[in-house]
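Here is a friendly walk through one protein model. Keep the 3D view open while you read.

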Amino acid sequence: MIPVCYPFIGEKELEYVTDCVKTNWISSKGKYVEEFENNFAKYCDFKYGVATTNGTTALHLALACLGISKGDEVIIPSFTMIATAFAVVYCGAKPVLVDAKPDTWNIDVKKIEEKITDKTKAIMPVHIYGHPCDMDPIMKLAKKYNLYVVEDAAEVHGAEYKGKKAGGIGDIGCFSFYANKIITCGEGGMIITNDDKIAEKAKSLKNLSFPKGKRIYKHQDVGYNYRMTNIQAAIGLAQLEKIDELIARRRKNAHLYNKLLKNINGITLPVEKEWAKNVYWMYGIVLDKSTAFDAESFAEELAEKGIQTRPFFYPLNLQPVFQNFKKTKCPVAEKIEKQGLYLPSGLGLKDWQIKRVVREIKKILK
Ligand SMILES: Cc1ncc(COP(=O)(O)O)c(C=O)c1O
């Protein structure tokens, strides 16, 4: 079986984790947390990093820091992983959905303005599968309507929009370090920001709003325990030290797929806009209906040949958990979900494995 993805863990990770264990710094205090936060924020050209337990808690923490609450609306894409919407719901606010663009699969920026109301507090673009969103029009809208921009950058560590790191453009960027991400901590997340007050608030909220000073058990606010452990941060730091190599591998794999798949009719490949650096977190393809396959039947064929795939995200407007979204129509998100899947995209993927995947795709489509 060629797996769809697996992490790339090495000696450095082992060395740093061993250091945590040997020195007894295994909880959320310890040098690796701060070093990982500082170095990751610096990598994104942002001032502050605040580490969390995972990407979902990073998103929730970001919105909580901005005071998003009941009665507020947050604009998000329909085509995203469920955590984006859950974070809004955790705050008691309402997610408002926008359809995807057929080429980048990201939020269709031309359809955002019509969704803005006097209840809208923030836009939360999600950079999908490694390709950044078109951020300039989003930032322009945010300025015009006085809205926050919280980037869901869970899938795009190191991707660039016009030379700037994705996640490092809006008010807050949120990352996930789950095992299949560009860099991982096993589980983990981080928010990054340039704003002193947001950073301060985030540090407090993620730590149960423990006050500073002597009366540490006297709390003014409701907080959360979203603390990353020193062990997680140790793995993350070791990964961050080799992030350029990890991204180069992902891009190399994607370029080989592009070269071998480009002349096959009926398949849409991932794009890289002239203003973007795509880190190809996952190599997605969308099948044309003329191939007589949808994503599910195509995945079954590939699985029979020992090739693992994953379906695209299920659009939020069709999610059973959100019955009230049913009225929102998102035809692009619905189409790419039906016809889209991602191919093996792991870092350890060998050229011969990519060639085998492509050979099997050709055979199936013949
Ligand atoms: C776009 C997006 N947002 C948020 C998350 C949530 O991150 P985590 O799984 O670390 O909670 C993910 C995770 O895959 C994601 O892909």
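A word to settle before we start: a residue counts as exposed when its relative accessible area is over 50%, as buried when that area is under 20%, and as partly exposed in between. Also keep in mind that this is a predicted model.

**A charged spot on the surface**

With that cut-off in hand, take E304. Its relative accessibility is 67%, so E304 counts as exposed. You'll find E304 in helix α9, which covers residues 295-304. E304 also has company: together with D294, E296 and E300 it makes up a patch of negative charge on the surface.

**Salt bridges**

The structure holds 18 salt bridges. Three of them are set out here, with the distance from N to O.

| Lys | Partner | N to O distance |
|---|---|---|
| K12 | E15 | 3.9 Å |
| K273 | D103 | 2.7 Å |
| K363 | E360 | 3.7 Å |

Let's start with K12 and E15. Both sit in helix α1 (residues 11-23), and they are 3 residues apart, about one turn of the helix. How exposed is K12? It is partly exposed, because its relative accessible area is 35%. E15 is partly exposed too, with a relative accessible area of 46%.

The pair K273 and D103 has another story. K273 lies in the loop between β10 (267-268) and β11 (276-277), while D103 lies in the loop between β3 (94-98) and β4 (120-123), so their salt bridge ties together parts that are 170 residues apart in sequence. K273 has a relative accessible area of 25%, which makes it partly exposed. D103, at 21% relative accessibility, counts as partly exposed as well.

Now for K363 and E360. Where do these two sit with respect to each other in helix α11? They are 3 residues apart in that helix (residues 351-365), so about one helical turn separates them. Is K363 buried or exposed? K363 is exposed, because its relative accessible area is 52%. Its partner E360 counts as buried, at 9% relative accessibility.

One more thing about these bridges: K101, D103 and K273 are joined into one network by salt bridges that share partners.

**Some buried residues**

Next, a look at a few residues tucked under cover. N230 belongs to helix α7 (residues 230-240). With a relative accessible area of 2%, N230 is buried. What lies 3.0 Å from the backbone nitrogen of Y32? That would be a polar atom of the N230 side chain.

V88 is placed in helix α4, which runs over residues 82-90. Its relative accessible area is 0%, so V88 is buried. If you pick out E160 as well, you can compare sequence with space: V88 and E160 are 72 residues apart in sequence, and their C-alpha atoms are 26 Å apart.

V33 can be found in helix α2 (residues 31-43). At 6% relative accessibility, V33 counts as buried. Try the same exercise with H131: along the chain, V33 and H131 are 98 residues apart, and 28 Å separates their C-alpha atoms.

Key:
Residues numbered from 1 in each chain as written. Predicted model: local features only at pLDDT ≥ 70, side-chain atom pairs only at ≥ 80, totals over all residues. Heavy atoms only, no water. Patch = residues over 30% accessible without salt bridge, like charges linked within 9 Å, V, L, I, M, F, W, Y side chains within 5 Å. Areas by Shrake-Rupley, 256 points an atom, 1.4 Å probe, with all protein chains shown as cover. Salt bridge = Lys/Arg side-chain N within 4 Å of Asp/Glu carboxyl O. Lys, Arg positive; Asp, Glu negative; His and termini not counted. Charge placed at Lys NZ, Arg CZ, Asp CG, Glu CD. Helix = DSSP H or I, 4+ residues; strand = E, 2+ residues; numbered from the N terminus. Buried < 20%, exposed > 50% of the residue type's maximum accessible area, 1.4 Å probe, protein only. Polar contact = N/O pair within 3.5 Å; in protein donor to acceptor, adjacent residues only side chain to side chain.
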